[in-house]
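Walk through the aromatic side chains of this model. Start with the rings, then turn to the charges.

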Amino acid sequence: MYEGKTANSIDALIYNGREHIRYLPMIEGTAYYLSSAWQTGSLVFEGVLYKDVAMQYDLVADELVVRHLNGVTGIVLFTERIQSFNLGDKKFVYLHTGAESSLKPGIYEELVRGKLSLYAKRSKFIEQNIVFNVLEQKFIDNNGLYLLKDDKYYPVKKQKEIFALIADKKREVTALMKRSKIKYKSNPELAAIKIVEYYNQISRWYEEVAV
């Protein structure tokens, strides 16, 4: 959790990690979140807030890389010491999970936070194929969605898995999907965001009415 401390870049602990090794340029696509270019954002590392940091999120290695003060070298941060970081309007958090959890500890994008929270695991892998005796490689997206309810994480791949967790508001959510023409199969992540946001909204409304 961010403890309210900030640090000057020149003496920041974030520049003490190992050097990041770039991927070979012949691999099609990018290993990084959104773009191979450096992105400026904020970072909470070991309880200290760093602003205006040039970063890249390596989705193959699942590591956050910051640009060194020399303007060239990439430094890999110790993942377990990251609390959160922002790239544009996207927020990522490090989730600590227990041994019995279906969710592995690591960096997740926080899509919705509330009574029911939604997270996405962003990752990539390198696909290799031999075409006419030539090795072709490209980065492939491999994302997953997870719901947090009552301190327990649930992997979500199908609409029915979400509905199983919102059974108390299934009728209202189904009505919303019909009105808004939300099709889960067309865009599972966007549909899940809208479902969870609406579930939290009507849950708050019911709680306020009950008071």
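**Aromatic rings and their neighbours**

This is a predicted model. Y33, Y57, F85 and F92 are joined into a cluster by ring pairs. The number of aromatic pairs comes to eight.

One of these pairs is Y23 with Y32. The geometry is edge-to-face. The ring centres are 6.1 Å apart, and the planes meet at 75°. That angle counts as edge-to-face because the class takes planes over 60 degrees apart. Are the two partners buried or exposed? Y23 has 25% relative accessibility, so Y23 counts as partly exposed. Y32 has a relative accessible area of 3%, so Y32 is buried. The cut-off for buried is under 20%.

Now take Y57 and F92, two members of the cluster. They also form an edge-to-face pair. Here the centres are 5.3 Å apart, with 75° between the planes. Which strands hold the two rings? Y57 lies in strand β4, which covers residues 48-58. F92 lies in strand β8, residues 90-95. The two parts are 35 residues apart in sequence, so the pair ties together separate stretches of the chain. Y57 is buried, and F92 is buried too.

Charges come next. Which ring lies under the charged end of R81? The ring of F78 does, with the charged end 4.3 Å from the ring centre. K121 places its charged end over the ring of Y108. In that case the distance to the ring centre is 4.7 Å.

Note on methods. Residues are numbered from 1 along each chain as its sequence is written. This is a predicted model: local features need pLDDT of at least 70, side-chain atom pairs count only at pLDDT 80 or more; totals for chains, interfaces and linings use all residues. Side-chain values use heavy atoms; hydrogens and water are left out. Rings of Phe, Tyr and Trp (its six-membered ring) pair if their centres lie within 6.5 Å; planes under 30 degrees apart count as stacked, over 60 as edge-to-face and the rest as tilted. Buried means under 20% relative accessible area, exposed over 50%, partly exposed in between (1.4 Å probe, protein chains only). Helices (H or I, at least four residues) and strands (E, at least two) are DSSP runs, numbered from the N terminus. A charge sits over a ring if NZ of Lys or CZ of Arg is within 6 Å of the ring centre and within 35 degrees of the ring normal.
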